[in-house]
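This briefing introduces a protein structure to a reader who has not met it before. Please look over the sequence and the model shown here, then read the points that follow.

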Amino acid sequence: MVKLTIDGIQVEVPKGTTILEAARTLDIHIPTLCHLKGVNNSGSCRVCVVESGPRLVASCSIMAEDGMDIKTNTAKVRESRKTVVKLILSDHKRECTTCIRSENCELQSLSSELNIRDIEYDGERLQLGTDSLSPSVSRDPEKCILCGRCISTCSKVQEVHAIGFIERGFDTTVAPAYAKSLDDVFCTNCGQCITACPVGALYEKENIKDVWKAIYDKEKYVVVQTAPAIRAA
Ligand code: SF4
Ligand code: FES
C-alpha cells in the first residue's frame, strides 16, 4: 500500500494505483479526455494534470507514491487544463450546433466546465474531408482530437486493428493504413470505435437499419457483433 495526500486528505491505496484512481476513491473530480478506463491510457491529452510538488503531472498515467502531496484544483492546474483544451479546440472543426454529438460530447462539456468562451490560438487546420464510404461508420478527421480511444478499442478490445495513427506532427490523423477508407479495410462494422470516441469524429450512418439488412443480405462483411454499438448516454 502507499499513503499520499490529495487536496489535504490522506488516503491509502494499493501500489500501482494511479493518482486519478486514488482521487476517485475520495470522490475528487479530475477531468479526463484521452483516458478510457482499462482500454486507453496513453496520457496524451494532459487534461487531467494535477500539481505534485513543483511539477504538473498527468494523473491518469502517473502512479501514486508514498508521501506525495497532490493538489487537483489550484489556479495553476485550472489554467493549464484550460490552455490544453483551447489548443485542442484550435484544430477542431467547431460546428457544435449542428454536430451529431452536441450535448453528448466530452470536449463540449469540458469546455463548458472550464468556462472557455474564446480561442485565441487561431491558425492552420487540417482539411481532410469525411470518409463516409463504409456502410456503417462515418469518419470526420477534422473533429478528431487524436485521443487514441478508438484505436485502443479496435485493437485491444475487438482485436481488429482496422485503424491507427498515420502521418506525423501536425499531419497526424487517425485512419486505416495508407489513409484508406474504412470500407477498404477489414473493419467488422462493430461500431465500438464510435462508442469510444469522446467527440463527433466517428458516428453511425443515419440509415443504419437498412445498412445492417444489406450487410446480411450480401454477406459481404464478417459480422462479429450482433448489433452495431449504441452510444452510451
Ligand atoms: Fe479519439 Fe474519436 Fe479521434 Fe478516435 S476518432 S482518436 S476516439 S477523437
Ligand atoms: Fe490523462 Fe488525457 S486524461 S492525459
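Which residues surround ligand 1? In this predicted model, the residues around ligand 1 are Cys144, Ile145, Leu146, Cys147, Gly148, Cys150, Val174, Cys197, Pro198, Val199, Ala201 and Leu202. The notes below describe the setting of the ligand, then the protein as a whole, and then selected elements.

**Ligand 1**
- The largest cavity is where ligand 1 sits.
- The shell around ligand 1 contains eleven nonpolar residues and one polar residue, and it has no charged residues.

**The protein as a whole**
- Six helices and nine strands make up the list of helices and strands in the protein.
- The protein has 233 residues, of which 50% count as buried.
- When contacts between residues at least 6 apart in sequence are considered, 63% of them join residues at least 24 apart.

**Helix 4**
- Helix 4 spans residues 149–157, and because seven of its nine residues are buried, the helix is largely enclosed by the rest of the structure.
- The buried residues of helix 4 are Arg149, Cys150, Ile151, Ser152, Thr153, Cys154 and Ser155; one of them, Cys150, is also among the residues that surround ligand 1.
- These buried residues pack against two helices, helix 3 and helix 5 (192–196), and against strand 7 (164–166), strand 8 (173–175) and strand 9 (202–204).
- Glu159, just after helix 4, adopts a positive phi of about 55 degrees.

**Helix 2**
- Helix 2 covers residues 75–90 and has 16 residues.
- From its first C-alpha to its last, helix 2 reaches 22 Å, which is close to the 22 Å expected at 1.5 Å a residue.
- Buried positions in helix 2 are Val77, Ser80, Arg81, Val84, Val85, Lys86, Ile88, Leu89 and Ser90.
- The packing partners of these buried residues are strand 3 (49–52), strand 4 (55–58), strand 5 (69–71) and helix 3 (106–113).
- Helix 3 is thus listed as a partner for the buried residues of helix 2 and also for those of helix 4.

**Thr5 in strand 1**
- Thr5 belongs to strand 1, which runs over residues 2–6.
- Thr5 counts as buried because its relative accessibility is 18%, and the cut-off for buried is under 20%.
- Leaving aside residues up to four places away in sequence, Thr5 touches Gln10, Met68, Asp69 and Ile70.

Conventions. Residues are numbered from 1 along each chain as its sequence is written. Chains are lettered from A and ligands numbered from 1 in the order in which they are written. This is a predicted model: local features need pLDDT of at least 70, side-chain atom pairs count only at pLDDT 80 or more; totals for chains, interfaces and linings use all residues. Side-chain values use heavy atoms; hydrogens and water are left out. A residue is near a molecule or strand if one of its heavy atoms lies within 4 Å of it. On a 1 Å grid over the protein atoms alone, a cavity is a set of points where a 1.4 Å probe fits but cannot get out, and a pocket is an open set with protein on both sides within 12 Å along at least five of seven lines; lining residues have an atom within 4 Å of a point. A molecule sits in a cavity or pocket if more than half of its atoms lie within 2 Å of its grid points. Ala, Val, Leu, Ile, Met, Phe, Trp, Tyr, Cys and Pro count as nonpolar, Asp, Glu, Lys and Arg as charged, and the others, Gly among them, as polar. Helices (H or I, at least four residues) and strands (E, at least two) are DSSP runs, numbered from the N terminus. The expected span of a helix is 1.5 Å times one less than its number of residues. Buried means under 20% relative accessible area, exposed over 50%, partly exposed in between (1.4 Å probe, protein chains only). Contact means heavy atoms within 4.5 Å.
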